[in-house]
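This report looks at strand pairing, the ligand shell and the nonpolar cores of one protein model.

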Amino acid sequence: MPGQQSGTMVPVSVASSAVAPGTVPSVDPAVRSVLAEAVEVARAALSEVGEGAVGTYLGVTAEDECAATHRFAADLVGYHGWQWAVVVAAAPESDHVTVSELVLLPGPESLVAPAWVPWNERIRPGDLGPGDLLAPAPDDERLVPGYTASGDPDVDETAGEIGLGRKQVMSREGRLAAAERWFDGEYGPRSEMAKAAPSTCMLCGFYLPLAGSLRAAFGVCGNELAADGHVVHAEYGCGAHSDTTLPTGAGSPKFDAYDDGAVEVVELPGAAAEPTDHPAVTENAQSEQTD
Ligand code: SF4
């Protein structure tokens with residue numbers, strides 16, 4: 001209706017024999033009546049195209065003062081929830097409606113492909129294979145030009161002295177992010193292996209400290225039977241530590257030894273009321289006495 005403000009879609013009765021019983025089409029109040037009433041014009045256009053069954057009428061929305069879109073359920077195999085959309089138009093002050101466009105569109109319950117994600121945002125650690133090329137993004141904040149101060153005293157000093165430098169070096173942000181990953185990872189100080197270790201990597205002969213500012217907390221394990229080749233935190237550790245001694249029979253450092261031959265005295269319910277000459281003993285001790 002000309003001059004009417006566009007507002008919330010409201011259910012409005014539409015005079016159409018094609019509306020399924022119990023279905024209330026939603027009609028945008030901003031749609032001119034001549035366009036809103038062109039339901040059968042839209043349905044006839046779909047039938048003429050003959051692309052598939054046209055189902056329940058779903059409603060109409062305004063495109064502008066001269067155009068509106070009628071929607072119908074699309075009863076097509078494999079297109080659950082899709083809708084036919086027919087754009088109808090009428091010149092201002094005209095009651096002659098024409099069909100501008102027909103299209104099949106997904107509805108709110110349609111099964112559609114997930115949103116497209118740029119390839120460089122889909123890659124995850126471990127995806128890189130032999131022969132693959134993975135260039136860093138131009139604005140990768142983990143890298144800075146090699147001729148600028150990197151914030152790493154060792155890198156800056158050495159590069160400055162010899163007048164050479166790599167084209168790019170890792171930025172402070174990049175090194176901090178790596179340190180956080182390594183600290184929280186499998187070879188960090190909070191892992192189960194580290195908690196049960198007899199000592200730390202920092203004191204291990206297989207520990208190869210990194211260069212640069214990360215040297216303070218990280219190194220590489222050179223023990224082929226342990227975390228060989230992995231960056232380990234200085235406070236990480238494992239049972240293959242170079243100072244590990246042969247088992248003494250005292251058990252692991254994490255668990256107390258359990259002596260299954262010891263006799264444990266326990267109180268049994270009612271034992272106090274009927275004192276006996278012999279204290280109650282554990283099942284192990286009893287079995288030893290009867291064997
Ligand atoms: S052998 Fe164990 S303790 Fe030694 S550096 Fe490797 S991971 Fe650390």
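Two strands count as paired if DSSP finds at least two bridges between them, where strands (E, at least two residues) and helices (H or I, at least four) are DSSP runs numbered from the N terminus. The model is a predicted one, in which local features need pLDDT of at least 70 and side-chain atom pairs count only at pLDDT 80 or more, while totals for chains, interfaces and linings use all residues. Residues are numbered from 1 along each chain as its sequence is written.

The protein has seven helices and eleven strands, and the table lists two antiparallel pairings that share β10.

| Strand | Partner | Bridges | Bridge partners |
|---|---|---|---|
| β9 (residues 207-209) | β10 (residues 218-221) | three | Pro209 and Gly219 |
| β10 | β11 (residues 231-233) | three | Phe218 and His233 |

Around the ligand there are 14 residues (C-beta atom, placed from the backbone, within 6 Å of it), of which Cys201, Cys204, Cys221, Ala226 and Cys238 come nearest. This shell has eleven nonpolar, three polar and no charged residues, with Ala, Val, Leu, Ile, Met, Phe, Trp, Tyr, Cys and Pro counted as nonpolar, Asp, Glu, Lys and Arg as charged, and the others, Gly among them, as polar.

Of the 291 residues, 19% count as buried, meaning that 20 or more other C-beta atoms lie within 10 Å of the residue's own. A nonpolar core joins buried Ala, Val, Leu, Ile, Met, Phe, Trp, Tyr and Cys residues through C-beta atoms within 7 Å. The largest core has 23 residues, with Val31, Ala42 and Trp84 among those that touch the most other members. Apart from it lies another core of 15 residues, including Tyr207, Phe218, Cys221 and Val232.

Definitions and conventions: A residue is buried if 20 or more other C-beta atoms lie within 10 Å of its own, exposed if 12 or fewer, and partly exposed in between; C-beta atoms are placed from the backbone.
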